[in-house]
Amino acid sequence: MTLAVTYLPEMPAHDSEIELINEEAFGPGRFTRAAYKIREGGPHDRKLSFVATHDGIVIASVRMTWIAAGQGRALLLGPLAVRPAFKNLGIGRKLVAMAIDASRQAGAASVVLVGDEPYYGPLGFKKIPHGQITMPRPVDPNRLLAVELKAGGVASLTGDVHHAYQVDGKLSQEPGCEPAQASVA
């Protein structure tokens, strides 16, 4: 029997369900993580964020946030969360693939995340060279991963990582890209 899962762009109506999924997956400790600190700096990009639903209920989500590090701009993937009853069915991987594809179409040079290489490696993510970027809170450097969408996209990221809004005063992207339409979550 195949599970009926529908994948949709994230909408404001999904916010409360997404918050519950993230609370369930990461607990109160999520507020102390480096990626959360970056996300506090501004909104995520709903056009590049997705949910998976089953019987009209959100069972998983992935969010994308524009970041800046040195002269580079990229997207920060996360949080990615799947309700426990729906884990190990490929739903999270499908959401990540959708987010990467949307990021590529939006003109992003790369997608960065803090995660496990065995999970994200098959989706194209590789370790960022140690010391190339610095997160605002401690992170195991072996868990800083990126997938390059444009040649030189990962190399352009250097130094401290911030929400792009804090650096640019707007949700700017790579030069020549259309501005992202984002909403505060």
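Here are a few notes on the predicted model, covering its cores, one helix and a residue close to the start of the numbering.

1. Start with the largest nonpolar core, which has 29 residues; Leu77, Leu95, Val111, Tyr120 and Phe125 touch the most other members. At least two residues each come from β2 (50-54), β3 (57-69), β4 (72-82), α3 (91-105), β5 (110-114) and β8 (144-148). The biggest giver is α3, with seven residues. As a general point, nonpolar side chains in soluble globular proteins tend to be buried together.

2. Tyrosine 120 is worth a click. Leaving out residues up to four places away in sequence, tyrosine 120 touches Leu77, Leu80, Val96, Leu113, Gly115, Phe125 and Leu145. Don't overlook the other core, which lies apart from the largest one and has 16 residues, including Ala34, Ala74, Ile128 and Val161.

3. On to α3 itself. Its 15 residues should span 21 Å at 1.5 Å a residue, and the end C-alpha atoms are indeed 21 Å apart, so the two agree. The buried residues of this helix are Ile91, Gly92, Leu95, Val96, Met98, Ala99, Ile100, Ala102 and Ser103. After α3 comes glycine 107, with a positive phi near 95 degrees.

4. Last, alanine 4, in the segment before β1 (6-9). Its relative accessibility is 54%, and exposed means over 50%, so alanine 4 counts as exposed. Even so, alanine 4 touches Thr53 and His54, again not counting residues up to four places away in sequence. Threonine 53 is 49 residues from alanine 4 along the chain, with 8.5 Å separating their C-alpha atoms.

Note on methods
Residues numbered from 1 in each chain as written. Predicted model: local features only at pLDDT ≥ 70, side-chain atom pairs only at ≥ 80, totals over all residues. Heavy atoms only, no water. Helix = DSSP H or I, 4+ residues; strand = E, 2+ residues; numbered from the N terminus. Buried < 20%, exposed > 50% of the residue type's maximum accessible area, 1.4 Å probe, protein only. Contact = heavy atoms within 4.5 Å. Core = buried A, V, L, I, M, F, W, Y, C linked by side-chain atoms within 4.5 Å. Expected span 1.5 Å × (residues − 1).
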